[in-house]
Amino acid sequence: MSGRDALIQQHRLPEPLYVTRPALPSLEAYTERLRPVWEKRWLANAGDAHQELEQRIAAFHGVEHASLFCNGTIAMLVGIQSLGIASGEVVTTPFTFPATTHTLFWNRLTPVFCDIKPDDYTMDPAKLERSITRETRAILPVHVYGGLCDMDGIEAIAKRHGLPVLYDAAHIFGVRDVNGPPLARGDVSVLSFHATKVFTTAEGGAVIARDAALKRRIDLLKNFGIAGEEQVLSPGINGKMSELNATLGLLNLDGVEAELEGRRAVLRRYRERLTGERGLTLLSEHRGITPNGAYMPVRIDAAAFGRSRDEVHETMRACNVITRKYFFPLCSHFDFYRDLPSARPENLPEAERAAREVLCLPIYGALELPLVDRVCDLLLALRG
Ligand code: T4K
C-alpha cells in the first residue's frame, strides 16, 4: 500500500464533511411560522414577513436602509443601477465569486482589476489609485471571507476622485467593528443570504443604502420600476424576496447569534491548531473586529509545506473532507475578461498567488470540535 493510500485509510471520514452546511430551524417551527402566510395567501410583493425581516436585518447591523432581494447577485445588479452609472469603468478585484464581476458586465460597465493585499485578500489601496482613469465611475471592493477591506484607505481615494464606493459584503453578515457598523460605509453594501452563507434565506440578499432616497430608488428598481398601478418610473427588474424565503429568514435570524457563536468556536479551534505551523498562513485578524467565521481559508505555501494546495485538496477529498478552492480561477482568468489590460497576471501578482495557494476548510456553526481536530490532523499529516 502506498503512503498516500495508508494516509487515506487512516484519516478517511465515514461521511462527507462539506465546506459548509446551512443552519436551519426545525421543520415544525418553519411550517408553524408559515401559517399566517397561508391564511393570508400573500406570497410575494412586500408581504408581512418581508417587511419584518427587512427591518430586523437593518437593526441587527445598526443601519437604517436595507432592501431585501431574491439573491445577492440581483441585489448587486440593482445596487449598481441605483447609482446611475451608465457606462465607463469600475475598479474591482478578481479574487472573488464570479457574481461580483458579472454584475458589472450586466450593467455594461468595464471591470478594471486591482490587486489584493496578501494578508486578507481585499483590495490593496496602495495599488488602487493607479487603476483609476478618466473613465472610472465607481469602486467595487469585496470584503473577503468575513474580513473587512481597508475602508478608510479606499474611501479616502474615492473621495479624492469623487467616486462612489459599492461594497460586495456577501461574506460579512454579523461582523462587528468597534469603529461602527461596516455596512454603514460607502454608498451601497450588498449582502448574500445564499444557503452557503452565515445567515440564509435559501436564496436571498440585501442592499444596504447610504440614505432614504437611495433606498427608495433601489426599492423601485427591484419592483420593475413600478411606483403605482398606472405608473412605471424606470426600467426595473424583479428582485423581490418571497414570503417563503423571508419567513425562513425570520426564524434563522432568531438563531443567528448561536450560529455565529458556533462558527467562532470552530474558528478559534482552527487557529489554536494551525497558527504557526510550517507552510500554513491563516487569515489576518484585525483589532477591534469580531469575526463571523464565514470561511476558514488557509494559505498553503507549496515549498514550505512540501505539498501543493491542489494536492492537499485532492487528498482531503479522498478522505471525505470536501474543501473548496475559493477563489480559483480568478475572475480575470475567465475567457470573457482575460483580454482586459488589467487582467494581465503581472498586474495581479498577489491575487494570482492567492488563487494558487488558498484552500477553504469546513466551517459552520454545528461543526463539532472533534471533527475540526480530525481535519487539522489530516492537514498536518499531509505536510511533506
Ligand atoms: N459576492 C461574493 C463575494 C460571493 O461569495 C457570492 C456568493 C456572491 C457575491 C453572490 O451572491 P448570491 O447571488 O449567491 O446570493 C457558493 C454559492 O452558490 C455562492 O452563493 C457563494 N457566493 C459562493 C462562495 O459559494 P458554490 O458553487 O461553492 O456552491 P455549492 O453548491 O458547491 O455549495 C458549497 C457547499 O455548501 C456544498 O458542498 C455543500 C453545502 N451546501 C450547499 C447548498 C447549495 C449545503 O449544505 N446546502 C445547500 O443547499 O457557490
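## Exercises on a predicted model

At 7% relative accessibility, H171 counts as buried. The model is a predicted one, and the exercises below walk through it a piece at a time.

**Exercise 1. Where does H171 lie, and which residues does H171 touch, leaving out those up to four places away in sequence?**

Step 1: Find the position in the chain. H171 belongs to the loop that joins β5 (166–168) to β6 (176–177).

Step 2: Recall the cover. Buried means under 20% relative accessible area, and H171, with 7%, is therefore in that class.

Step 3: List the contacts. Leaving out residues up to four places away in sequence, H171 touches H143, V144, Y145, G146, K197, N292, A294, Y295 and F327.

**Exercise 2. What is the strand order of the open sheet that contains β13, and is its pairing parallel or antiparallel?**

Step 1: Start from the pairing rule. Strands in a sheet are joined by backbone hydrogen bonds, in a parallel or an antiparallel manner.

Step 2: Take one neighbour of β13. Strand β11 (residues 280–282) pairs with β13 in the antiparallel sense, over three bridges. Here L282 has V298 of β13 as its bridge partner.

Step 3: Take the other pairing. β13 and strand β14 (residues 358–361) are antiparallel too, with four bridges between them. R299 stands opposite V358 in β14, and V298 has L359 as its bridge partner in that strand.

Step 4: Put the order together. The open sheet has three strands in the order β11-β13-β14, and the pairing is antiparallel. At the edges stand β11 and β14, each with a single partner strand, so one side of each has no neighbour in the sheet. On average, neighbouring strands here are turned by 35 degrees against each other, direction ignored.

Step 5: Add the helix. Helix α13 (residues 349–357) lies across β13 and β14 and runs at about 100 degrees to β13.

**Exercise 3. Why is strand β13 described as largely enclosed by the rest of the structure?**

Step 1: Sort the side chains by direction. In a regular strand, side chains alternate between the two faces of the sheet. From β13, M296, V298 and I300 point one way, while P297 and R299 point the other way.

Step 2: Check the cover for both groups. The residues pointing either way are all buried.

Step 3: Conclude. Five of the five residues of β13 (residues 296–300) are buried, so the strand is largely enclosed by the rest of the structure.

**Exercise 4. Which strands are at the edges of the open sheet β3-β2-β4?**

Step 1: Read the order. This open sheet has three strands, ordered β3-β2-β4, with parallel pairing.

Step 2: Pick out the edges. β3 (110–113) and β4 (136–140) are the edge strands, as each pairs on one side only. The average turn between neighbouring strands of this sheet is 30 degrees, direction ignored.

Step 3: Look at one pairing in detail. Strand β2 (residues 89–92) and β4 are parallel over four bridges, and T92 has L140 in β4 as its bridge partner.

**Exercise 5. Are the partners in the salt bridge between K222 and E54 buried or partly exposed?**

Step 1: Check the distance. A salt bridge needs a side-chain nitrogen of Lys or Arg within 4 Å of a carboxyl oxygen of Asp or Glu. For K222 and E54 the N to O distance is 3.7 Å.

Step 2: Place the partners. K222 is in the loop between α8 (212–221) and β9 (226–228), and E54 is in helix α3, so to speak a link between distant parts of the chain, 168 residues apart.

Step 3: Read the accessibility. K222 is buried at 5%, and E54 is buried at 10%.

Step 4: Try another pair. E277 and R383 meet in a salt bridge of 3.0 Å, N to O. This pair also links distant parts of the chain, with E277 in the loop between α10 (256–274) and β11, and R383 in the segment after α14 (369–381), 106 residues apart. E277 is partly exposed at 24%, and R383 is partly exposed at 21%.

**Exercise 6. Which residues make the nonpolar surface patch of about 320 Å²?**

Step 1: Name the members. The patch is made by W38, L43 and L244.

Step 2: Place one of them. L43 sits in the loop between α2 (27–40) and α3 (48–61).

Step 3: Check its exposure. L43 has a relative accessible area of 48%, so this residue is partly exposed.

Key: Residues numbered from 1 in each chain as written. Predicted model: local features only at pLDDT ≥ 70, side-chain atom pairs only at ≥ 80, totals over all residues. Heavy atoms only, no water. Patch = residues over 30% accessible without salt bridge, like charges linked within 9 Å, V, L, I, M, F, W, Y side chains within 5 Å. Areas by Shrake-Rupley, 256 points an atom, 1.4 Å probe, with all protein chains shown as cover. Helix = DSSP H or I, 4+ residues; strand = E, 2+ residues; numbered from the N terminus. Buried < 20%, exposed > 50% of the residue type's maximum accessible area, 1.4 Å probe, protein only. Pairing = 2+ DSSP bridges. Axes fitted to C-alpha atoms, helices over the stretch in contact; angles between N-to-C directions. Contact = heavy atoms within 4.5 Å.
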